[in-house]
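Open the model in your viewer and keep the selection panel at hand. The tour goes one stop at a time.

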Amino acid sequence: MSIARQLFQLQEVDIELEAAEKAVSGIMHQLEGSEALTAVRSQLAGERQRLAELKKQQRSIELDAGSINAKLKRVEEELYSGRVRNPKELSNLQREFEILKANRNKLESRELEIMDQAEQVGKRVNFAEKESQVVEEGWQRQKEQLSADLEHVRAVLAEVTRRRQQLADGIEPSALNTYQDVKRAKGKAVVPVERGICTGCRIALSVTDTHRVRSGQLVRCGSCGRILYAP
Ligand SMILES: [Zn+2]
């Protein structure tokens, strides 16, 4: 087999090798985690946090309302005890009573608003929990499939690597070095000659070069430097 044909075969195997390597790293990247799962978990965490904040606000309002109620009770008792007879003091007490009652009412309506919000957020938490569970289960199934795929592509990679080694072992080292150098510089190292034209750069080759390529010698295009191969 001509050296150019050997190198062309090596190039074919290298293409397979790159594809297998890409497949392995692609699957490994996918296995790192699911974006959908991260999104749904963060959504759930956000809703839970909002719910906790509302509950905290509610407790704080309840405490405030409790202390206002205690004060109200004291003022009311004082007001109707008959102990206070001074009209100015009575009117002050009455005003305090009214202010306390207004504050308590404000707190109560605020509490109702917060309870209403907490109910809405609670529903969203439930929904996000269910959604998260569905996505989690889907991800578990996907992970199993990906692991099976990974095993398969790793086996392919091992087989192609073995084949590449076998081919490379049969190629003389200087030709192999040339191939590697051109591959690094041009990406594709070996190109077919069609109707006397280098298909790497579309330049017409000399009759001599075309002839040398046909005879199986290692010829590089004088223009782009790629290794020429007669299919
Ligand atoms: Zn060329």
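Select Ala230. Is Ala230 buried or exposed? Neither label fits: 18 C-beta neighbours lie inside 10 Å, so Ala230 counts as partly exposed. Being buried would take 20 or more, and being exposed 12 or fewer. Bear in mind that this is a predicted model.

Stay on Ala230 and place it along the chain. Ala230 sits in the segment that follows β3. Now show its contacts. Leaving aside residues up to four places away in sequence, Ala230 touches Val193, Val213 and Arg214. Next, draw a distance to Leu176. That residue is 54 residues away along the chain, and the two C-alpha atoms are separated by 18 Å.

Move to Tyr229. Which residues does Tyr229 touch, not counting those up to four places away in sequence? Select Ala4, Arg5 and Phe8, then add Val190, Val191, Pro192 and Val193. Ala4, Arg5 and Phe8 fall within α1, which spans 3–31. Val190 to Val193 fall within β1, spanning 190–194.

Tyr229 also leads into the largest nonpolar core, a set of 19 residues. Colour the ones with the most contacts inside this core: Ala4, Leu7, Val190, Ile227, Leu228 and Tyr229. Which elements give two or more residues to the core? They are α1, α4 (173–186), β1 and β3 (227–229). The top contributor is α1, with 5 residues. As background, nonpolar side chains in soluble globular proteins tend to be buried together.

Now the helices. Show α1 beside α3, residues 87–169. They pack at an angle of about 155°, and their axes are 9 Å apart. Angles over 145 degrees count as roughly antiparallel, so α1 is roughly antiparallel to α3. The crossing of α1 past α3 is left-handed. Colour this contact by residue class: 17 residues are nonpolar, 3 polar and 8 charged.

Keep α3 on screen and swap in α2, residues 35–81. At what angle do α2 and α3 pack? The angle is about 160°, with the axes 7 Å apart. That makes α2 roughly antiparallel to α3. Here too, look along the pair: α2 passes α3 in a left-handed crossing. Colour by class again. The contact of α2 with α3 holds 24 nonpolar, 9 polar and 20 charged residues.

Technical notes:
Residues numbered from 1 in each chain as written. Predicted model: local features only at pLDDT ≥ 70, side-chain atom pairs only at ≥ 80, totals over all residues. Core = buried A, V, L, I, M, F, W, Y, C linked by C-beta atoms within 7 Å. Helix = DSSP H or I, 4+ residues; strand = E, 2+ residues; numbered from the N terminus. Contact = placed C-beta atoms within 7 Å. Axes fitted to C-alpha atoms, helices over the stretch in contact; angles between N-to-C directions. Parallel < 35°, antiparallel > 145°, perpendicular 65-115°, else oblique. Left-handed = near helix turned anticlockwise from the far one by under 90°. Nonpolar A, V, L, I, M, F, W, Y, C, P; charged D, E, K, R; others polar.
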